[in-house]
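Please open the structure in your viewer and keep the sequence panel beside it, since this tour moves from one selection to the next. At each stop, select the residues that are named before reading on.

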Amino acid sequence: MISISVAGWTIWCLGVFVLGISAGSFLQVAAVRLPFEKSLLWPGSHCMNCLRPIAWHDNIPILGWLMLRGRCRNCRASYSVRYLLVELFAGLGFLGMFVMEVVLDVRGVGWWATYAFYLNSGLVPGEAWLIWSAEAVLFSLLLAASLCDLEHQEIPLPICLSGCLMGLAFSTLCPWPYPAEGLAGVARVVGNSPEELRFPASLQPWPMLWPLPAWMPPGAWWTGLLSGLAGALAGNLICRAIRAVYGLGRGRESLGLGDGDLLLMAGAFLGWQPIVCSFFVSLAPGIIMGLGFVLLRGTQSLPFGPSLAVGVLVTWFGWPWMSPRISWLFMEPWVLLMLGSAGLGGLLALSFLLRIVSPHDRPERIAPPGE
Ligand SMILES: [Zn+2]
């Protein structure tokens with residue numbers, strides 16, 4: 001019995017890893033082509049130097065690069081090691097999310113309590129695959145957006161818009177509190193005081209409103225769709241509000257519109273509360289990356305997309321730890337309203353101060369056409 005389950009888990013882990021490196025390979029093609037509005041499917045992969053098509057066996061993720069030692073078979077032009085690293089990163093990302101979501105149940109869905117028989121025999125229930133695929137899709141979209149942002153300082157709108165639609169589809173398929181504990185979990189939550197609230201984990205860890213109104217019952221598809229829409233709206237609005245307020249005080253641009261589009265997409269998957277939090281979480285990797293950029297490249301124009309992507313993923317998997325500490329923020333509308341206005345007011349004062357302190361900054365990067 002044990003050997004069967006070990007064999008099962010080995011196959012699943014290998015499978016998601018291979019799927020991840022293939023996704024990484026495809027995403028890099030997308031990241032190269034989308035900023036120039038080229039087709040993703042045609043023409044097939046070709047060498048950027050001699051323009052000859054790359055044979056399928058040389059295009060196998062990771063192995064193709066290793067067998068040819070990162071060179072073109074025809075003209076021996078060398079390919080960046082970045083291709084190899086991104087494929088490996090995507091593979092490890094897919095595998096890592098599978099291990100965290102299903103094997104370790106980091107978000108506390110309760111997979112092992114509900115599906116003990118399946119999981120002990122090395123089988124993974126369909127619900128777990130559905131949630132994992134939502135995570136893998138969001139991870140892939142965030143990776144593609146980050147690659148574009150790092151390379152071109154631009155996040156292509158098609159990635160964010162199609163990602164937003166996919167997020168809304170997943171939200172509709174997995175309305176809160178799906179799949180956690182079913183309606184028993186909801187009954188357990190109702191009637192508790194805000195301090196004791198324990199939301200059952202689902203794709204969207206929290207319901208859109210608390211308490212949910214009667215016309216938005218838990219588990220209804222329209223509840224999921226509306227939560228996804230609220231998340232998309234909140235992600236986009238927080239970026240636009242901060243961009244507008246900072247621009248007003250500082251007299252120059254800060255966040256790009258693409259950053260708002262990225263959170264529009266992620267919000268459609270996660271709902272509005274985690275997205276608002278993930279913006280603030282992403283300030284930490286943002287500051288670290290910003291210092292790195294100043295030291296290494298001597299530039300202050302930092303692509304914020306990768307930091308936002310890290311913020312979203314950290315918030316998602318860190319939610320069981322974060323949520324009891326921050327739930328009071330979201331329980332009362334007036335708390336949120338007061339904090340929001342105080343934050344924006346503080347940002348306005350700070351950005352105005354920055355304008356006075358260093359009025360002659362280096363010129364902004366030239367905005368790419370169509371931004
Ligand atoms: Zn070549």
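Begin by selecting Q273 together with W206, P207, M208, W319 and F330, which are the residues in contact with Q273 once its neighbours within four places in sequence are left aside. The model you are looking at is a predicted one. Q273 sits in helix α11, which covers residues 272-281, and with a relative accessibility of 4% Q273 counts as buried, because the cut-off for that word is under 20%.

Now zoom out and colour the whole chain by secondary structure. How many helices and how many strands are there in the chain? The chain has 14 helices and zero strands, so that, read from the N terminus on, the elements run as an unbroken series of α. Of its 371 residues, 45% count as buried. Among the contacts with a separation of 6 or more, 70% are between residues 24 or more positions apart. If you switch on the surface, you are looking at about 19,000 Å² that the chain exposes, of which carbon and sulfur atoms supply 72%.

Next, select the zinc ion and ask which protein atoms are its donors. They are the SG atoms of C47, C50, C72 and C75, lying 2.3 Å from the ion. Along the chain these donors follow the spacing C-x2-C-x21-C-x2-C, and around the ion the four donor atoms subtend angles of 105 to 116°, which makes the arrangement tetrahedral. C47 lies in the loop between α1 (2-33) and α2 (63-67), whereas C72 lies in the loop between α2 and α3 (81-103), so this pair ties together parts that are 25 residues apart in sequence. Are C47 and C72 buried or exposed? C47 is buried, with a relative accessible area of 1%, and C72 is buried as well, at 3% relative accessibility.

Stay with these two loops and select R73 and D58, whose side chains meet in a salt bridge with an N to O distance of 2.7 Å. R73 belongs to the loop between α2 and α3 and D58 to the loop between α1 and α2, so the pair ties together parts that are 15 residues apart in sequence. D58 is buried, with a relative accessible area of 13%. As background, side chains of opposite charge can pair when their charged atoms come close.

In the loop between α1 and α2 you can also select I62, whose phi is near 65°, a positive value in a residue other than glycine. This deserves a look because most residues other than glycine have a negative phi. I62 is buried, with a relative accessible area of 11%.

A search of the whole structure finds four salt bridges, and the next stop shows two that have a partner in common. Select R107 with E101, and you will find their side chains meeting in a salt bridge at 2.8 Å, N to O. Then add E135, whose side chain meets that of R107 in a salt bridge at 3.5 Å, N to O. This second pair links distant parts of the chain, with R107 in the loop between α3 and α4 (111-114) and E135 in helix α6 (residues 126-152), 28 residues apart. Through the shared partner, E101, R107 and E135 are joined into one network. R107 and E101 are buried, and E135 is buried too.

From there, go to Q153, in the loop between α6 and α7 (157-173). Q153 has a positive phi of about 50° although it is not a glycine, and at 24% relative accessibility it counts as partly exposed.

For the following stop, select G292 in helix α12, residues 283-297. G292 counts as partly exposed, at 24% relative accessibility. If you draw a distance from its C-alpha atom to that of L302, ten residues apart from it along the chain, the separation is 9.7 Å.

Finish on the surface by selecting L350, F352, L353, L354, I356 and V357, which form a nonpolar patch with about 600 Å² of accessible area together. One of these residues, L350, is found in helix α14, which covers residues 333-357.

Key:
Residues are numbered from 1 along each chain as its sequence is written. This is a predicted model: local features need pLDDT of at least 70, side-chain atom pairs count only at pLDDT 80 or more; totals for chains, interfaces and linings use all residues. Side-chain values use heavy atoms; hydrogens and water are left out. Donors are N, O and S atoms within 2.8 Å of the metal (3.2 Å for Na, K and Ca); water is not among the atoms, so sites may look incomplete. Four donors count as tetrahedral if all angles lie between 85 and 135 degrees; four count as square planar and six as octahedral if opposite donors are over 155 degrees apart and all others between 65 and 115; anything else is irregular. Helices (H or I, at least four residues) and strands (E, at least two) are DSSP runs, numbered from the N terminus. Buried means under 20% relative accessible area, exposed over 50%, partly exposed in between (1.4 Å probe, protein chains only). Contact means heavy atoms within 4.5 Å. Patches are made of residues with over 30% relative accessible area and no salt bridge: like charges are joined within 9 Å, nonpolar side chains (Val, Leu, Ile, Met, Phe, Trp, Tyr) within 5 Å. Accessible areas come from the Shrake-Rupley method with a 1.4 Å probe; for residues, only the protein chains shown count as cover.
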